[in-house]
Amino acid sequence: MSSEYLTLTIRIADRAAGQFDFDQPEVTLGRHPGCDVVLHTSGISRIHAVIQRRDSRFLLLDKGSLNGTLLNERKIEKPTPLTNGDLITILDCRIEVRLGTGKHDFGVEETVFVPKSAKGGHVPSTVVAELPPPPPRTGLLHILRRWFGLGREDEDES
């Protein structure tokens, strides 16, 4: 089957960050704002990995990242073909790959379609996949202060 569309379902730290269709010949993944998929997660390289369409298939390439790129739990060292249902892992980001010949081949209603630009290039900063910052850890600090008696004003100094 010839693949024209690439659907990426992105999860960061096991929380859904989005699902997106691409029809362009190259999709960049990294923390740089010019990437097609911007992953705001600590330890991800500026341009971490690239998915390229060559002929009728898509290939995954690691761009020399420090922490590496995994495909189905195996580190990739060279351009590696993608198949339907593959799982790309970049640190705590999990990206499920779906390949299709038409937009929304998979019956997903919540997918955002990302068209290629008029000149055939990529559309910069298309997808920003990030989660809100974690809540402050004031609860733990409060417990430790109470446990060790730090900062308690209601205690007599005898």
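## Salt bridge, core and a buried threonine

Glu 96 and Arg 98 join their side chains in a salt bridge at 2.5 Å, N to O (the term takes a side-chain nitrogen of Lys or Arg within 4 Å of a carboxyl oxygen of Asp or Glu). The structure holds one salt bridge.

A word on the numbers: this is a predicted model, where local features need pLDDT of at least 70 and side-chain atom pairs count only at pLDDT 80 or more, while totals for chains, interfaces and linings use all residues. Residues are numbered from 1 along each chain as its sequence is written, and side-chain values use heavy atoms, with hydrogens and water left out.

Here is how three residues score on accessibility; buried means under 20% relative accessible area, exposed over 50%, and partly exposed in between (1.4 Å probe, protein chains only).

| Residue | Relative accessible area | Class |
|---|---|---|
| Glu 96 | 27% | partly exposed |
| Arg 98 | 29% | partly exposed |
| Thr 89 | 9% | buried |

Thr 89 sits in strand E10 (strands are DSSP runs of E, at least two residues, numbered from the N terminus). Skipping neighbours within four places in sequence, Thr 89 is in contact (heavy atoms within 4.5 Å) with Thr 69, Leu 70 and Arg 94. Thr 69 is 20 residues away from Thr 89 in sequence, yet 6.1 Å away C-alpha to C-alpha.

Now the largest nonpolar core, a set of buried Ala, Val, Leu, Ile, Met, Phe, Trp, Tyr and Cys residues joined through side-chain atoms within 4.5 Å. Among its 24 residues, Leu 6, Leu 8, Leu 39, Ile 51 and Ile 88 touch the most other members. Strands supplying at least two residues each include E1 (5–12), E5 (49–54) and E10 (87–90).

How values were computed:
Helix = DSSP H or I, 4+ residues; strand = E, 2+ residues; numbered from the N terminus.
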